[in-house]
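This report looks at one buried polar site, then at the nonpolar cores and the confidence of the model.

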Amino acid sequence: MKAIRNIEVLIVEDDLRIAEIQRLFIEKIEGFKAIGIASSYVEAKSFIEIMQPDLLLLDMYFPDMNGLDILKDIKQQSKQMDVIMMTAAKEIEKVQEAIKIGIFDYIIKPVAFERFKQSLRRYQEYYIKLSELEKGNFPVTQQQVDKLLRKEMNEKDRESLPKGIDRMTLEKVMVVLGKASPGLTAEIVAKEIGVSRTTARRYLEHLMSEEKIEADLTYGTVGRPERVYAIK
């Protein structure tokens, strides 16, 4: 089984200095990978077709196009990728049009790293939740849809987690378990998400206490029996 791959990001920006800053920002955020920089409409179209990125960081103004043209192309062709507008455009009609076509976020330049990081982290949470639901292959509930659309933040989302438990890592554990049948040991989970076996066991036991997963014993030919964890 492969570990959860990085979210692949294509930067569409004609100012190469700004594009390089965005690339450096991406490198500072775990779980993301910048796979290219496109500085024109032709390059952007070609890169999107060949690389099939998960996420575009898209400027509004180019010498040969309006960024909304790329956005429209993506939506019309049902490309499975999302877009964050990164632009100096402050006209309300531009913002409205971008939102109407379908963007994940709209960030006005100059971009502060903390705002940039906040947007990518929020996208990462969305991406992981969506991946988990896709792996489940069952009808979604209203609550799950609301969470994807970020229209609801219930008490469970607001509550603080126990010391040593990070929500992002919890979600990664759930995604890994969602791919496995019938289940995984703590050692395998640790390898998949890149943590120690002790850390993986701590997260698995927390999920057990929350009744989100269950465990069973597996008996090998040698050694002690091991606990195998699986989503209920």
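## Asp105 and its surroundings

Asp105 lies in strand E7 (residues 105–108), where strands (E, at least two residues) and helices (H or I, at least four) are DSSP runs numbered from the N terminus. This is a predicted model, in which local features need pLDDT of at least 70 and side-chain atom pairs count only at pLDDT 80 or more, while totals for chains, interfaces and linings use all residues. Residues are numbered from 1 along each chain as its sequence is written, and side-chain values use heavy atoms, with hydrogens and water left out.

Asp105 is buried, with a relative accessible area of 9%; buried means under 20% with a 1.4 Å probe, protein chains only. Its side chain makes polar contacts with the side chains of Arg115 (3.0 Å) and Ser119 (2.8 Å), a polar contact being a pair of N or O atoms within 3.5 Å, one able to donate a hydrogen and the other to accept it.

## Nonpolar cores

The largest nonpolar core, a set of buried Ala, Val, Leu, Ile, Met, Phe, Trp, Tyr and Cys residues joined through side-chain atoms within 4.5 Å, has 22 residues, and Leu56 and Ile70 are among those with the most contacts inside it. Helix H3 (67–76) is one of the elements that each supply at least two residues of this core, and H3 gives the most, with four.

## Confidence

The mean pLDDT of the protein chain, the predictor's confidence in each residue from 0 to 100, is 85.

Key
Buried < 20%, exposed > 50% of the residue type's maximum accessible area, 1.4 Å probe, protein only.
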